[in-house]
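Work through the exercises below with the model open. Each task is followed by a stepwise solution.

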Amino acid sequence: MLRRYILLNTNKFVNCRHVSQSMLQSTVDEKSGIATVTMNKPPVNSLNLEFLDEINTQLNKLQKDKIRGMILTSGLQKVFCAGLDITEFYNPNPDRLAKFWTVLQDTWLSLYMASFPTVAVINGHSPAGGCLFAMSCDYRVMVGPKYTIGLNETKLGIVAPKWFQDTMVAVIGQRKAEVSLTTGKMYTTDEALQVGLIDESLPDADSALKKGTQFLNNFQRISPWAFKMTKDISRQPTVQWLIDNKQKDLDFVLKFMQSPDVQKSLGLYLQSLKK
Ligand SMILES: CCCC/C=C/CC(=O)SCCNC(=O)CCNC(=O)[C@H](O)C(C)(C)COP(=O)(O)OP(=O)(O)OC[C@H]1O[C@@H](n2cnc3c(N)ncnc32)[C@H](O)[C@@H]1OP(=O)(O)O
């Protein structure tokens, strides 16, 4: 089957059979209209400014192209996404930190409110921002049993912003989210399934991708307009706070992240990761 590969670094559609050298590969199945977007930024798909910008640009492009659905997955061996790139927060340049956080806000809004159905095929560990991205999709299929997922921010000595927390509440409910967030809980695949953080667990990536595609095929007979209106109504309460408070959220992050206590915690955490 002819697949359309998108070269993101030039931001142009190119019909060819080669995968681009970009950090993000995107293929669109021309028959079904389903895009597979694969994060491929070794070693752990950490989300820095440039990577987020690329993801956001691609989401907007797919929206314009009126694709019928999207699978978000990882091209790495055992990590879906390690979350935000901690080096963006450690001894930051304030201008870059502001840009980074603004692009993160925009990328989340693009993903959370995507006009097309989205599935996260979580084929590796998915802490913090990785979990946020997975939770922002409409359906989650995870490869089990050895990977983990959760919002672990408190374990780094930092605080998940309100919209991270609200996204989790929307998926697993207030009580479970509160315990999960305060303890920085990383769930095993089985635990995540039990608590409702993921929708399905499959033993390998191929079957997870098939499941994800099956979910998207449910929308073949659903009007894209009816889908989008329903999703907007359902998700509006979660996004509205950020839409109304982007600057306030940014100001908080700039102040919080540059405080000496937080810098100290981040430094220790980075050191522990290197060990
Ligand atoms: C108010 C603002 C709040 C902001 C909220 C923040 C949300 C976030 O997303 S913060 C990021 C939280 N992420 C994590 O805590 C994940 C940390 N990483 C891991 O747990 C593991 O790396 C992981 C399980 C994902 C993968 O394990 P391994 O495959 O064994 O890889 P390594 O641990 O050896 O890591 C390889 C390499 O990558 C560096 N790394 C890992 N994660 C990050 C990250 N999030 N940002 C930057 N760099 C990261 C790690 O240090 C290693 O580096 P080298 O030693 O230089 O190779």
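**Exercise 1.** Find which helices each supply at least two residues of the shell around the ligand.

Solution. Step 1: take the helices, which are DSSP runs of H or I with at least four residues, numbered from the N terminus. Step 2: helix H9 (246-257) and helix H10 (260-274) each meet the criterion. Step 3: list the shell, counting a residue as near if its C-beta atom, placed from the backbone, lies within 6 Å of the ligand. It holds 26 residues, with Gly83, Leu84, Ala128, Gly129 and Leu273 the closest. Step 4: sort by class; there are 16 nonpolar, six polar and four charged residues.

The model is predicted: local features need pLDDT of at least 70, side-chain atom pairs count only at pLDDT 80 or more, and totals for chains, interfaces and linings use all residues. Numbering runs from 1 along each chain as its sequence is written.

**Exercise 2.** Decide why helix H3 counts as largely enclosed.

Solution. Step 1: apply the burial test (buried: 20 or more other C-beta atoms within 10 Å of the residue's own, C-beta atoms being placed from the backbone). Step 2: Gly129, Gly130, Cys131, Leu132, Phe133, Ala134, Met135 and Ser136 pass. Step 3: that is eight of the eight residues of H3 (129-136), so the rest of the structure largely encloses this helix.

**Exercise 3.** List what isoleucine 122 touches, leaving out residues up to four places away in sequence.

Solution. Step 1: a contact needs C-beta atoms, placed from the backbone, within 7 Å. Step 2: the partners of isoleucine 122 are Phe80, Ala134, Arg140, Val141, Met142, Val143, Tyr147, Ile149 and Ile198.

Key
Two residues are in contact if their C-beta atoms, placed from the backbone, lie within 7 Å. A residue is buried if 20 or more other C-beta atoms lie within 10 Å of its own, exposed if 12 or fewer, and partly exposed in between; C-beta atoms are placed from the backbone. Ala, Val, Leu, Ile, Met, Phe, Trp, Tyr, Cys and Pro count as nonpolar, Asp, Glu, Lys and Arg as charged, and the others, Gly among them, as polar.
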